[in-house]
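Visitor: I am new to this structure and would like a close look at one part of it. Could you pick a spot and walk me through it?

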Amino acid sequence: MRKFLSLLLAAGLLAGMAVSAEAAKKKKPKVVPAPVVVMTDAAGDAGNDTAGSLPGAAEQGFDLTEATIFKAPGTSDLVFTVKQSAMPADGTPGEGFRLLWHFNMGGAEYRFTVKSLDVGKPDAAAQSGTERVGTVYEGVARLEQCFVDETLPISLSQCEVLNYYDAKFDPATATETWTVPTADMPEATPGAVLSGGTTGASETCMICWVPHYAERSLTPSTQIDSAVMSTAYTLPKK
């Protein structure tokens, strides 16, 4: 009887060890970091900035409400998303209007210029981006580095285009989203801080929608809506 009980105990112990080993083999589910909200802005204020009243600004997709950043799992890419209170079914009008996002990455100043439609043409003032002349693109985000030229009576933002990315305009969520490899910004190392920037524009145009004429924006005097990037984003160390 004792021998039988010993065998049962041994069998139970082995079974328990097998279950524990099997459980140990099971990997814990990966936790995907949530996007970090870096900007929030009140809905309904588009058209009430220095540009004055613009009928239908919110309905056209210019009423900023939120911006987020997160690192795409398994990659070194950063995903940027900007949300508006509404967006037309065919997307925000692009060539005559664009979203600007000025930011600082590890001490270097950058800017995104985002359009739902981009007609490649020379910029007579900046002489930048000429490799795309004659081509029409739907949904484009440009990574740029800018400076302000004040030799004329008005200040002109001169920008060098560093790279282009596909930008998705989603009317269902009223958002624009684009993905940028951190390799495109040498300062984007683990632990680096991405914060609001002001190069090429006043502080009131950290993130803003503006009309453009012949590749020129007269910011900040022509802003449709603007917001401040009030929360910095720190790149994960892993």
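**A close look at an aromatic cluster**

Guide: Let's begin at Trp178, which counts as buried because its relative accessibility is 1%, under the 20% cut-off. Please keep in mind that this is a predicted model.

Trp178 has a ring partner in Phe112, which is buried too, with a relative accessible area of 0%. How are two such rings described? A pair of aromatic rings is described by the distance of the centres and the angle of the planes. By the rule used here, the count comes to ten aromatic pairs. One of the pairs joins Phe80 and Phe112: the geometry is edge-to-face, with 4.8 Å centre to centre and 65 degrees between the planes. Along the chain these two are distant, since Phe80 sits in strand β3 and Phe112 in strand β5 (residues 108-119), 32 residues apart. Phe80 and Phe112 are both buried.

Now back to our starting point. Phe112 and Trp178 also form an edge-to-face pair, with 5.3 Å centre to centre and 75 degrees between the planes. Phe112 belongs to strand β5 and Trp178 to strand β8 (residues 175-181), so this pair ties together parts that are 66 residues apart in sequence.

If you step back a little, you will find that these rings belong to one aromatic cluster, made of Phe80, Trp101, Phe103, Tyr110, Phe112 and Trp178. Some of these names return in the largest nonpolar core, which has 40 residues. Within that core, Trp101, Met105, Phe112 and Trp178 touch the most other members.

What does Phe112 reach, once its neighbours within four places in sequence are left aside? Phe112 is in contact with Phe80, Leu99, Leu100, Trp101, Phe103, Arg142, Leu143, Tyr165, Trp178 and Val180.

Next, follow Phe80 out along its strand. Strand β3 covers residues 77-84, and seven bridges join β2 to β3, the two running antiparallel. Within this pairing, Thr68 of β2 stands opposite Thr81 in β3. The two strands form a hairpin with five residues between them, and Gly74 in the turn has a positive phi of about 75 degrees. On its part, β2 (residues 64-71) is joined by four bridges to strand β1 (residues 36-40), again in an antiparallel arrangement. There, Val36 stands opposite Ile69 in β2. As you look along these strands, one general point may help: in a regular strand the side chains alternate between the two faces of the sheet.

Let me place this part in the whole. The chain's secondary structure comes to one helix and twelve strands, and reading along the sequence the helix precedes the strands, in the pattern α-β-β-β-β-β-β-β-β-β-β-β-β. Of the 238 residues in the chain, 42% are buried. The two ring pairs we followed link parts 32 residues apart and 66 residues apart. Across the chain, among contacts between residues at least 6 apart in sequence, 64% join residues at least 24 apart. The accessible surface comes to about 12500 Å², and 60% of it belongs to carbon and sulfur atoms.

One last stop is a link of another kind. A search of the whole structure finds one disulfide, formed by Cys205 and Cys208, whose sulfur atoms are 1.9 Å apart. Cys205 and Cys208 are both buried.

Notes. Residues numbered from 1 in each chain as written. Predicted model: local features only at pLDDT ≥ 70, side-chain atom pairs only at ≥ 80, totals over all residues. Heavy atoms only, no water. Pairing = 2+ DSSP bridges. Disulfide = S-S within 2.5 Å. Buried < 20%, exposed > 50% of the residue type's maximum accessible area, 1.4 Å probe, protein only. Core = buried A, V, L, I, M, F, W, Y, C linked by side-chain atoms within 4.5 Å. Contact = heavy atoms within 4.5 Å. Phe/Tyr/Trp six-rings, centres within 6.5 Å; stacked < 30°, edge-to-face > 60°. Areas by Shrake-Rupley, 256 points an atom, 1.4 Å probe, with all protein chains shown as cover.
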